[in-house]
Amino acid sequence: MQFYEITHDTTYRYASPVLLSQQIAHLSPRAMPRQRLCGHRLTIAPQPSTRSERLDFFGNPTTRFGLYMPHELLCVQAVSHVGVHARDWPEAARSLPWEAARDHLRDALSGHAPLQADARDAGQYRFASPFVALGAETAIYAAYAARCFRPWRPLLEAVQALSALIHAEFRFDPAATSVATPVAEVFAERHGVCQDFSHMMIACLRALGLAARYVSGYLLTEPPPGQPRLVGADASHAWVAVWCPGMGWVEFDPTNDVQPGLGHITLAWGRDYGDVCPLRGVILGGASHAVDVAVTVMPVEEGRCGDLHAPR
């Protein structure tokens, strides 16, 4: 098991005072069989007027807080200690044909086959969502994916090929897109960031009738040889999970064309970025604002991976 300390700093600076702010934070990593949350601390300044913790619809831990006093600066710092197990993903060639996976899910959701709990959960990730629109472009995404999804090819082999195709044909460019950039524009321009590539891959999979979800988290980045690891130089990351009957959810990272391993730390998952963005909310006042985000992922010894308590 590899242990990490993750520090995620978000700072909002407002041009005029914000009179009221209601926020939801997805900043606590999930506890899962292959990932242990050893400790978590979320510090908010100014001190919130209200604060509560709960699981959202997808089972992700969230913190909801409200500030009811004027403020021109909002600082949110999440510090998490996490242990990650090595991932043992199923052998791609042993997965059932992708058409069989599609039909299994379709028949279960239509009532033509018993609806198992895992199929019920997967079904919500088969359809369009706010950041993954499936309208007139659906046929285009399906045709693009068809380059990898040959008839009766094993599902996971085809998904792996799609991940490699997106990695090869889409250029990583942090300045090319924003959170609001539609998938159709990413597809047309062939550039973006990890969020865009994940949405693109999800659109292709859903266009074929498969269930795919968006996974947010962190990725350990390595500095150049001989250079120290830079504080705040890492960033949030995103990748994709596809549902394979009999094997469950299997993850792929199209930005790097890898399957997530020890360096991927899972934060949350949902239908798309909108379900799991680290911090979102509504404010009254504030006019324009600037936001700064800094993330540091540091490997640590197990003995340093201890409890962290959030101040109330």
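Phe172 is partly exposed, with 48% relative accessibility. The model is a predicted one. Phe197 has 3% relative accessibility, so Phe197 counts as buried.

The search for aromatic pairs covered the whole structure and found twelve. In one of them, the rings of Tyr12 and Tyr14 have planes at 10°, so this pair is stacked. Both Tyr12 and Tyr14 are buried.

Phe172 and Phe197 also pair, and their arrangement is edge-to-face. The angle between their planes is 65°. Which elements hold these two residues? Phe172 belongs to strand β6 (residues 171-172), and Phe197 belongs to helix α6 (residues 194-207). The pair therefore ties together parts that are 25 residues apart in sequence.

The two pairs are set out here.

| Pair | Centre to centre | Angle between planes | Arrangement |
|---|---|---|---|
| Tyr12 and Tyr14 | 6.1 Å | 10° | stacked |
| Phe172 and Phe197 | 6.4 Å | 65° | edge-to-face |

Phe172 and Phe197 are also members of one aromatic cluster. Tyr141, Tyr144, Phe170 and Phe187 belong to that cluster as well.

Next come charges over rings. Which rings does Arg213 sit over? One is the ring of Trp249, with the charged end of Arg213 at 4.1 Å from its centre. Another is Trp269, where Arg213 lies over the face at 3.9 Å from the ring centre.

Conventions. Residues numbered from 1 in each chain as written. Predicted model: local features only at pLDDT ≥ 70, side-chain atom pairs only at ≥ 80, totals over all residues. Heavy atoms only, no water. Phe/Tyr/Trp six-rings, centres within 6.5 Å; stacked < 30°, edge-to-face > 60°. Buried < 20%, exposed > 50% of the residue type's maximum accessible area, 1.4 Å probe, protein only. Helix = DSSP H or I, 4+ residues; strand = E, 2+ residues; numbered from the N terminus. Lys NZ or Arg CZ within 6 Å of the ring centre and 35° of its normal.
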